[in-house]
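Welcome! Here are a few exercises to help you find your way around a new structure, each followed by a worked solution. Take a look at the model before you start.

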Amino acid sequence: KKGEEVKTHKNFIKGDSGNISLAPDNVYKQLKDGDIIYIDFHSVALKIFKLGEDTHIAKVINPGKVGSNKAVNIDRDIKLSPVTKKDIKAFEIGKSMGINNYSLSFTNTAEDVRTVRDIIGKSNLISKIESIKGVLNLAEILPLVDNILIDRGDLSREVDIEKIPFIQRRIIAHARSKNTPVYVATNLLESMIHCH
């Protein structure tokens, strides 16, 4: 509810209305006083006002319901590794089983792609473009991947929804000019999820 306090924990906890944890765990260290945390496509917003060793405290500025494993945005740039330890394990298992197709979520830079290429080699790589950083660095990303996927839903967390069709057309035109196949994905409308 608006005005309530929520603790953001450094270590993973089972969340409730007053406690959350963020993954990956290096996000916690990067949070600052005054940061706004947007949860689940801006349906809930928290503003950090007190930093702690193991717990930061935030105030709810936009109330709502939050489920498990929801996407989170911070109102400024946060450094995230393009792959987690779990991803690396998954790539290794895939390679050992002869899997030939891989995807990289939230591809932001050419360096992100190179990190995955070092692991998977020449296997087919689908690069998911779902952040404004990925859009801005598309020219450097395209030569290194086999396909791209535009995730309109996740992109709409960083870009006004009315600008998405324009950005989508630009991405598709750029990819086509480099003969890179493009897939387009989107979230279901909330009304399609909740109403029959």
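Before we begin, one definition: axes are lines fitted to C-alpha atoms, for helices over the stretch in contact, and angles run from 0 to 180 degrees between N-to-C directions. Keep in mind, too, that this is a predicted model.

**Exercise 1. Two helices that pack**

Find the angle at which α2 and α3 pack, and list the residues that make the contact.

Solution.
- Step 1: Start with helix α2, which covers residues 85–96. Its 12 residues reach 17 Å from the first C-alpha to the last, close to the 16 Å expected at 1.5 Å a residue.
- Step 2: Just after α2, look for Gly98, which takes a positive phi of about 80 degrees.
- Step 3: Now bring in α3, residues 110–120. The axes of α2 and α3 are 10 Å apart, and the helices pack at an angle of about 35 degrees. Their crossing is right-handed.
- Step 4: On the α2 side, the contact is made by Ile88, Phe91, Glu92 and Lys95; α3 brings Val116, Ile119 and Ile120.

**Exercise 2. Salt bridges**

Among the 7 salt bridges of the structure, work through three, and say where the partners sit.

Solution.
- Step 1: Recall the general idea: side chains of opposite charge can pair when their charged atoms come close. The cut-off used here is a side-chain nitrogen of Lys or Arg within 4 Å of a carboxyl oxygen of Asp or Glu.
- Step 2: Arg76 and Asp35 meet this, with their closest N and O atoms 2.8 Å apart. The pair links distant parts of the chain, 41 residues apart: Arg76 is in the loop between β6 and α2, while Asp35 is in the loop between α1 and β3.
- Step 3: Is Asp35 buried or exposed? Buried means under 20% relative accessible area, so Asp35, at 5%, counts as buried. Arg76, at 29%, is partly exposed.
- Step 4: Arg114 and Glu111 form another salt bridge, at 3.4 Å between the closest N and O atoms. Both lie in helix α3, 3 residues apart, about one turn of the helix. Arg114 is partly exposed at 41%, and Glu111 is partly exposed at 48%.
- Step 5: Asp146 and Arg117 meet in a salt bridge of 2.9 Å, N to O. This pair also links distant parts of the chain: Asp146 lies in the loop between α5 and β9, and Arg117 in helix α3, 29 residues apart.

**Exercise 3. Two open sheets**

Give the strand order of each sheet, and name the edge strands.

Solution.
- Step 1: One open sheet has 4 strands in the order β7-β8-β9-β10, with parallel pairing. β7 and β10 each have a single partner strand, so one side of each is left without a neighbour in the sheet. Neighbouring strands here are turned by 25 degrees against each other on average, direction ignored.
- Step 2: Inside this sheet, β8 and β9 pair over 4 bridges, and Ser127 stands opposite Ile148 in β9. Helix α3 lies across β7 and β8, running at about 155 degrees to β8.
- Step 3: The other open sheet has 6 strands in the order β2-β1-β5-β4-β3-β6, and its pairing is mixed. β2 and β6 are the edge strands, each pairing on one side only. The twist averages 35 degrees from one strand to the next.
- Step 4: Finish with β3 and β6, which run antiparallel and are joined by 3 bridges. The bridge partner of Ile37 is Ile74 in β6.

Methods
Residues numbered from 1 in each chain as written. Predicted model: local features only at pLDDT ≥ 70, side-chain atom pairs only at ≥ 80, totals over all residues. Heavy atoms only, no water. Expected span 1.5 Å × (residues − 1). Buried < 20%, exposed > 50% of the residue type's maximum accessible area, 1.4 Å probe, protein only. Pairing = 2+ DSSP bridges. Contact = heavy atoms within 4.5 Å. Left-handed = near helix turned anticlockwise from the far one by under 90°.
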